[in-house]
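Subject: The structure I promised you

Hi,

Here is the structure I said I would pass on. Have a look at it first, and then read on for what turned up.

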Amino acid sequence: MKRRLRSSFKADEGLVACLNATYCGENFKRCKLGHPNHIEQPFLDDDDDVVVDQVALLRDWKTNDLLRKKKLILVLDLDQTLIEARAIKRLTSEENYLLGQDCTSRSGGKGSLFKLEVEPLLLVKLRPFVKEFLKAANDMFEMYIYTRACRVYALKVACLLDRDGDYFLSRIITRDERPGCDKKCLDEVLGHENVVLIVDDNRNMWPKHQANLINIQKYEYFASSFWRARDDRYKSLAEKKIDESETNGPLARILDVLQRIHELFFHPKLEVDLARRDARLALKLIRLKVLGGCVLFFSELISGPPEESYIWGMAEELGAMCCGELGPAVTHVVTVDIETEEAQWAEQKKKFLVHPTWIQAAYHSFQREPEGNFPVDTF
């Protein structure tokens, strides 16, 4: 069944009011971007020792140009975000059946499996819904690929995703452009940070740009040695001959979020000029509604004080209130150990008892997942 893409989204009036209040607040100050028509050529000052930054001028011009077109910027990771690739020689015995399927080495193939002519020979699996995602996102964003892979590999994968060159053009950033850097940043992205959103499965790659980041669930189609070492019963999606949902999978949900941010950013009721609006703020407010009204008590986690864990931080970003004491207001007890006194209290008081992965799932999907899908005793 084909998913009907949202053609128009009535932005939450409450969020619009919150954005207006924040933009008008004394603590929200941003220099207004110059109009592109007013940007002059680079020049030297009277002392010939100050050069106007040409990149900054170009970034100003590009940002204004995109805003006039009602577009923002979207930076996309490749591996385990849009695709997964596996060396053919590393396929498990239960995955070798894939080699007999209709896979091609040409970008024009209509399927989702491709052989990539690199060394070693790779099998590339496109994430379900990725082509629909890119087509819809292209109407709202100027898109970049940003990968820690090499440029040759990135260009070949980009051809699988964008065979006609409609989406990325030369906007492909790889490790070859940033030798010696093991993290990602927005230095090579031509636009101001307030109009940039990032979709990446690895949040640790963006230490300086967490506010721009939409952390998508990893796409793990092929067998993972990490999970196999922890669970003898583990089987990959490929081994089980299933895949993520086309209509309600991670990419479809992230597209909904991107559409919502775009609608909020360009909402006609916002009482501030375009240059001072901030996509990061819209993302933050949308995220805060996910677990709004939930009061979480953290019991036994894997290590360290709960308030210092990244799970606690995730919960707060989602709008939950986190506390260190049990009481009537608590709605959820979060723990990895069902034998704790706090877990038993939750069962007695008929509170939700969930594993920390419930918070991670909500963070990735931007919705409150059914608590019953995350029982403590099954992890």
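Let's start with a proline: Pro120 is in the loop that runs between β3 (113-116) and β4 (122-126). The peptide bond leading into Pro120 from Glu119 is cis, with omega near 0 degrees. Before you read too much into any of this, keep in mind that the model is predicted.

Two other residues have backbone angles you may want to look up. Lys70 is not a glycine, yet its phi is positive, near 60 degrees. You'll find Lys70 in the loop between α2 and β1 (72-76), and with a relative accessible area of 49% it is partly exposed. Gln80, again not a glycine, has a positive phi of about 65 degrees; Gln80 belongs to the loop between β1 and β2 (83-87). Why bother listing these? Most residues other than glycine have a negative phi, and most peptide bonds are trans.

Now the overall picture. The chain is made up of eleven helices and twelve strands. Of its 379 residues, 50% are buried. If you take the contacts with a separation of 6 or more, 69% of them come from residues 24 or more positions apart.

Two pairs show this sort of long reach along the chain. Trp61, in helix α2 (residues 54-68), is 131 residues away from His192 along the chain, but their C-alpha atoms are 10.0 Å apart. Trp61 is partly exposed, at 35% relative accessible area. The other pair is Lys269 and Glu13: 256 residues apart in sequence, and 9.2 Å apart from C-alpha to C-alpha. Lys269 is in the loop between α7 and α8 (279-288). Leaving out residues up to four places away in sequence, Lys269 touches Glu13, Val16 and Asn20.

Next, the inside. In soluble globular proteins, nonpolar side chains tend to be buried together. Here the largest nonpolar core has 93 residues, and the ones that touch the most other members are Leu74, Val75, Phe133 and Ile359. Helix α7 (residues 250-265) gives the most to this core, with nine residues. There is also a second, separate core of eleven residues, with Leu98, Tyr219, Tyr221 and Leu237 among them. If you want a place to start looking, try Leu74: not counting residues up to four places away in sequence, its contacts include Phe133, Phe141, Leu197 and Leu258.

Tyr221 comes up again among the aromatic residues. Searching the whole structure gives seven aromatic pairs. In one of them, Tyr221 and Phe222 have ring centres 5.2 Å apart and planes at 80 degrees, so this pair is edge-to-face. Both partners are buried, Tyr221 with a relative accessible area of 6% and Phe222 at 0%. Together with Tyr219, these two form one aromatic cluster. Tyr221 has a charged residue over its face as well: Lys125, at 5.0 Å from the ring centre. There is another case of a charge over a ring at Phe226, where the charged end of Arg230 sits 3.6 Å from the ring's centre.

Which residue has its side chain joined to that of Lys218 by a polar contact? That would be Asp201, and the contact is 2.6 Å. Asp201 is in the loop between β7 (196-200) and β8 (213-215). Its relative accessible area is 9%, so it counts as buried. Beyond its neighbours within four places in sequence, Asp201 is in contact with Asp77, Asp79, Gln80, Thr81, Asn215, Ile216 and Lys218. So Gln80, the residue with the positive phi of about 65 degrees, is one of the contacts of Asp201.

Last stop is helix α9 (residues 310-317), where the buried residues are Ile311, Trp312, Met314 and Ala315. They are on the same side of α9, because they cover an arc of only 160 degrees around the axis. What do these buried residues pack against? The answer is β9 (295-298), β10 (321-323) and α11 (357-365). After α9 comes Gly319, which has a positive phi, near 95 degrees.

That's the tour. Shout if you get stuck.

Cheers

How values were computed: Residues are numbered from 1 along each chain as its sequence is written. This is a predicted model: local features need pLDDT of at least 70, side-chain atom pairs count only at pLDDT 80 or more; totals for chains, interfaces and linings use all residues. Side-chain values use heavy atoms; hydrogens and water are left out. Rings of Phe, Tyr and Trp (its six-membered ring) pair if their centres lie within 6.5 Å; planes under 30 degrees apart count as stacked, over 60 as edge-to-face and the rest as tilted. Buried means under 20% relative accessible area, exposed over 50%, partly exposed in between (1.4 Å probe, protein chains only). A charge sits over a ring if NZ of Lys or CZ of Arg is within 6 Å of the ring centre and within 35 degrees of the ring normal. Helices (H or I, at least four residues) and strands (E, at least two) are DSSP runs, numbered from the N terminus. A polar contact is a pair of N or O atoms within 3.5 Å; within protein, one must be able to donate a hydrogen and the other to accept it, and residues adjacent in sequence count only if both atoms are side-chain atoms. Contact means heavy atoms within 4.5 Å. The arc is that of the directions from the helix axis to the C-beta atoms. A nonpolar core is a set of buried Ala, Val, Leu, Ile, Met, Phe, Trp, Tyr and Cys residues joined through side-chain atoms within 4.5 Å.
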